[in-house]
Amino acid sequence: KLVVMGGGPSTTLRLVANLADGGELKDREAAAKELCELAGSVPEKRDQIAKAGGVVPLVALLKVASPRGKEWTAAALGHLALHPTNKALIADAGGIEPLVELVRSGTPGGKGAAATALASLAGKSATNQDKIAKAGAVPALVALLNTAEPQVREWAAAALGNLALQHPGNQTLVGDADAVRPLVVLAAAAVTGAKDTPSGPLARLGCGRRAPVSAPMASSDTAEMGEAGHGFTCSAKGKEWVAKALSSLAYNHTQNQIRIGEAGGIEPLVGLMKTGTPNAKYESLKALINVVGGCPENKTRIAKAGAIPLLARFVEKGSQDYWREIAAGLLGSLAQHHTANQAAIDEAGAIQPLAMLVHTGSAQGKLYAAVALCNLSDGGQELKTRIGRDSMAIPGLVKLAEAGTPTARTWAAKALISLAKGHEDNQRRIANFGGMAALLEKKGFASMGMKLTRIDDGEEALAAEEAASESTAALTTQLLDASPSVDPDGAGVAEANDTPAAATDRPDGEAEPGLEAVGEEAKKDC
């Protein structure tokens, strides 16, 4: 096997020249193989190959190459597509249509290579998302989810996830093509894996010691699925990709949220959140946030799957702000108007870490903790008492109501008002920490349209009405995605960088689904 670890401009030019139409097919395919190696092992070569004119002849070769040659050529294009400017070049050269055809009719290796290339082309490119969908890729990729080759399933999941990423039309297209069911099966298989095995025949395709189709693939370590009915492997990156695909489909899409819940997708997502790599846990947590929005039944499913104690631990021990923030946001959504979940969150010991997050979190974390405490305070007098007795909750909410961001001040005020209503001890606590005076004097709230009135029940409780000028939509917030490098449980163990060839590249060119406005459902009212 030939391993190309570098090569100067002359090497690149020679290989591109050997691709030219009119040469011997075997020589052109050999050049594609070497370019695949070069682009896979030396990321900066992706731009050089494109600038040397390599894209057009690679696309031309893809149409006429032997089955084996198509695998190498599609893999080379997949590597090149990891460079942002090459996405449009490949699409403009007509590369999408033959890649989709290869997904339909190629060898297993060719299908996998084409799926990874389409995943890379779709990442961070709305134009390519449209073109790939119009070329008929969705049904072909969904068909791959049912293939016998485990890695091909994973690459199909990555491609479908990127096609659906913040693209409502493609979300519907993928959901209507019945992609949810096989994605859930893949997620369930990922959770039930028990032992490591070699990565299988696709890893032996070549590209030196790397498989050409593994350009975006991030692990050669796979876990064999022993569950009856699954019988296929799922790599560490595959677990991330299937979770990201489900997250992308669920984002602000009620029908897909319902589909995922009804297909049994909640339990494996919670399972991945418990047992996956740090990145898989993170992607699963985002997916769970996104499936809550338009499907109240999913709140119950998430709780029944055992997520709440784990989320409480994430809020308490998360070693990075984004873990604590997202977990708090999901707890807030789960608590809204759901008595059983409110009790479960209390029982899991989440009140104290949420109260602490109001004090110590980032601006986002403080907001989501306030939303969660606000929605928990709707759970009855006993729960109000436990929140009020926490030494950090009311002082933190008072401080946030006075000095937080405008949205956080709103929700801190709502939480304090809810805690005070009909509860003498909490009214005294709020007054002792200066909160009642702050509300009565409208410190910071007049500009937000808050109208304060006394409740005529003999207590110092307050009620607040939000002015129409600040809609529910204006109160929603979206967490920015960040790839975690440490375990959410606080172990602080960095995930090994096991990405082959493409070093730190993701199959989607690092395009990530944004979180559905965390707590959008939770924030509608208190």
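## Cysteines, core, rings and salt bridges in a predicted model

Cys295 counts as buried, its relative accessibility being 2%. The model in which this residue is found is a predicted one, and the values that follow are computed from its atoms. Cys36 is likewise buried, with a relative accessible area of 1%, yet a search for disulfides in the structure returns 0. A disulfide is a covalent bond between the sulfur atoms of two cysteines, and no such bond is found here.

In soluble globular proteins, nonpolar side chains tend to be buried together. In this model the largest nonpolar core comprises 136 residues, and those with the most contacts inside it are Leu141, Leu183, Leu311, Leu354, Leu376 and Leu397. Leu354 may serve as an example of how such a residue is surrounded: once its neighbours within four places in sequence are set aside, Leu354 is in contact with Val315, Ala328, Ala369, Ala372, Leu373 and Leu376. Leu376, one of these partners, is itself listed among the core residues with the most contacts.

Burial can also be followed at the level of a helix. Helix H16, which spans residues 266-275, has 7 of its 10 residues buried, and it is therefore largely enclosed by the rest of the structure. The buried residues are Ile266, Pro268, Leu269, Val270, Gly271, Leu272 and Met273. What do the buried residues of H16 pack against? Their partners are helix H13 (180-192), helix H14 (236-250), helix H15 (254-262), helix H17 (278-292), helix H18 (296-304) and helix H19 (307-317).

Aromatic rings form another set of contacts, and the structure holds 4 aromatic pairs. In one of them, the ring centres of Phe314 and Trp323 lie 5.7 Å apart with their planes at 65°, so this pair is edge-to-face. Both partners are buried, Phe314 at 0% relative accessibility and Trp323 also at 0%. The rings of Tyr322 and Trp323 have centres 6.1 Å apart and planes at 50°, and the pair is therefore tilted; Tyr322 counts as buried because its relative accessibility is 15%, with the limit for burial set at under 20%. Ring pairs join Tyr282, Phe314, Tyr322 and Trp323 into a cluster. A ring also takes part in a contact with a charge elsewhere in the chain, where the charged end of Lys414 sits over the ring of Trp411 at 4.7 Å from its centre.

Charged side chains also meet one another, and the whole structure contains 13 salt bridges. One of them joins Arg259 to Asp176, with the closest N and O atoms 2.6 Å apart. Because Arg259 lies in helix H15 and Asp176 in helix H12 (residues 168-176), the pair ties together parts that are 83 residues apart in sequence. Asp176 counts as exposed, at 52% relative accessibility.

A second salt bridge, between Glu283 and Lys286, has its closest N and O atoms 3.2 Å apart. Here both residues lie in helix H17, at a separation of 3 residues, or about one turn of the helix, and Glu283 and Lys286 are both buried. The side chains of Asp346 and Arg386 also meet in a salt bridge, at 2.6 Å from N to O. This pair links distant parts of the chain, with Asp346 in helix H21 (residues 339-347) and Arg386 in helix H24 (residues 381-389), 40 residues apart. Asp346 is buried, with a relative accessible area of 17%, whereas Arg386, at 39%, counts as partly exposed. Finally, Glu424, Asp425 and Arg428 are linked in a network of salt bridges.

Key. Residues are numbered from 1 along each chain as its sequence is written. This is a predicted model: local features need pLDDT of at least 70, side-chain atom pairs count only at pLDDT 80 or more; totals for chains, interfaces and linings use all residues. Side-chain values use heavy atoms; hydrogens and water are left out. Rings of Phe, Tyr and Trp (its six-membered ring) pair if their centres lie within 6.5 Å; planes under 30 degrees apart count as stacked, over 60 as edge-to-face and the rest as tilted. Buried means under 20% relative accessible area, exposed over 50%, partly exposed in between (1.4 Å probe, protein chains only). A charge sits over a ring if NZ of Lys or CZ of Arg is within 6 Å of the ring centre and within 35 degrees of the ring normal. Helices (H or I, at least four residues) and strands (E, at least two) are DSSP runs, numbered from the N terminus. Contact means heavy atoms within 4.5 Å. A nonpolar core is a set of buried Ala, Val, Leu, Ile, Met, Phe, Trp, Tyr and Cys residues joined through side-chain atoms within 4.5 Å. A disulfide is a pair of cysteine sulfur atoms within 2.5 Å. A salt bridge is a side-chain nitrogen of Lys or Arg within 4 Å of a carboxyl oxygen of Asp or Glu.
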